[in-house]
Amino acid sequence: MTTVPLADQLFLVGHDEHTGKAHVADEVLDSGLAGAVLGELVLAGRVAVVDGLVVVRDHRAYGEAVTDSALAEVIKQRASHPIRAWVEYLRDDAREMIGRRLVRDGVVQRVQSRVMLRQTVRFPAVDPVQAASPRVHLWYSIEHPELLDEVTAMLGALVRAVGLERVLVADTRRRARDTLQQITERLPDDLHAVVSGVDAAVAAITLTVRR
């Protein structure tokens with residue numbers, strides 16, 4: 001499972017494999033997906049988080065359109081910026097780019113339709129069993145901690161950050177959230193910082209909605 005990019009795994013967990021609809025609010029999921037792309041760059045050694053700021057460690061292209069596009073954006077900035085700022089900047093295009101990657105790989109379809117005056121895009125799975133596998137693998141790894149690798153732990157942390165715990169298993173949401181919080185706290189510093197940036201971006205969305 002860890003050969004599947006982190007952002008792709010979160011995308012699949014975040015969408016119903018049959019309807020292709022997101023399980024949480026679009027902007028919230030998009031924040032998590034942007035964080036997942038940044039997480040991919042951290043895991044690949046291309047960027048790091050220093051004093052809360054994203055800095056480039058390796059300018060070499062990763063060889064994949066989604067991560068290379070994000071890396072190019074970081075490289076072209078003269079000043080370093082906090083994780084939350086990058087999450088909010090990258091989230092506008094994250095879902096469409098990751099969706100294209102999954103369509104290209106034959107995992108999902110892109111279905112565009114118009115309801116009243118609103119354009120909607122769904123991503124139903126080509127094979128629902130394949131699309132459900134990141135969710136199943138994540139919960140199995142949580143139940144068997146010896147199998148919990150760094151990518152899967154980061155996936156679990158992002159699942160918590162965007163409120164997707166309820167889709168993991170037929171279990172209490174509180175238990176799932178507590179378990180994922182413990183996983184988050186054990187992440188390496190750079191990855192933990194990315195998740196904290198997603199938390200901050202999601203909190204800002206929630207605050208705006210409540211006003």
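How much area does the protein chain expose, and what share of it do carbon and sulfur atoms supply? The exposed area is about 10,600 Å². Carbon and sulfur atoms supply 51% of it. The model behind these values is predicted.

## Fold and overall shape

The protein chain holds 8 helices and 5 strands. Starting at the N terminus, their order is α-α-β-β-α-β-α-β-β-α-α-α-α. The radius of gyration is 16 Å, and the globule rule gives 17 Å for 211 residues, so the protein chain is as compact as a globular protein of that length.

Along the principal axes, the C-alpha atoms fill a box of roughly 45 × 40 × 40 Å.

## Packing and charge

Of the 211 residues in the protein chain, 48% are buried. Contacts with a separation of 6 or more were also sorted by sequence distance. Residues 24 or more positions apart account for 65% of them.

The side chains include 26 positive and 29 negative ones. The centres of these two sets lie 6 Å apart.

## A closer look at glycine 32

Glycine 32 sits in helix H2, which covers residues 26–43. Is glycine 32 buried or exposed? Its relative accessibility is 0%. Buried means under 20%, so glycine 32 counts as buried.

Which residues does glycine 32 contact, leaving aside neighbours within four places in sequence? They are Leu10, Leu158, Val162 and Val198. Valine 195 is 163 residues from glycine 32 in sequence. In space, the C-alpha atoms of glycine 32 and valine 195 are 8.4 Å apart.

Terms used:
Residues are numbered from 1 along each chain as its sequence is written. This is a predicted model: local features need pLDDT of at least 70, side-chain atom pairs count only at pLDDT 80 or more; totals for chains, interfaces and linings use all residues. Side-chain values use heavy atoms; hydrogens and water are left out. Helices (H or I, at least four residues) and strands (E, at least two) are DSSP runs, numbered from the N terminus. The radius of gyration is taken over C-alpha atoms; the globule rule is 2.2 Å times the number of residues to the power 0.38. Buried means under 20% relative accessible area, exposed over 50%, partly exposed in between (1.4 Å probe, protein chains only). Contact means heavy atoms within 4.5 Å. Accessible areas come from the Shrake-Rupley method with a 1.4 Å probe; for residues, only the protein chains shown count as cover. Lys and Arg count as positive and Asp and Glu as negative; His and the chain ends are not counted. The place of a charge is taken as NZ of Lys, CZ of Arg, CG of Asp or CD of Glu.
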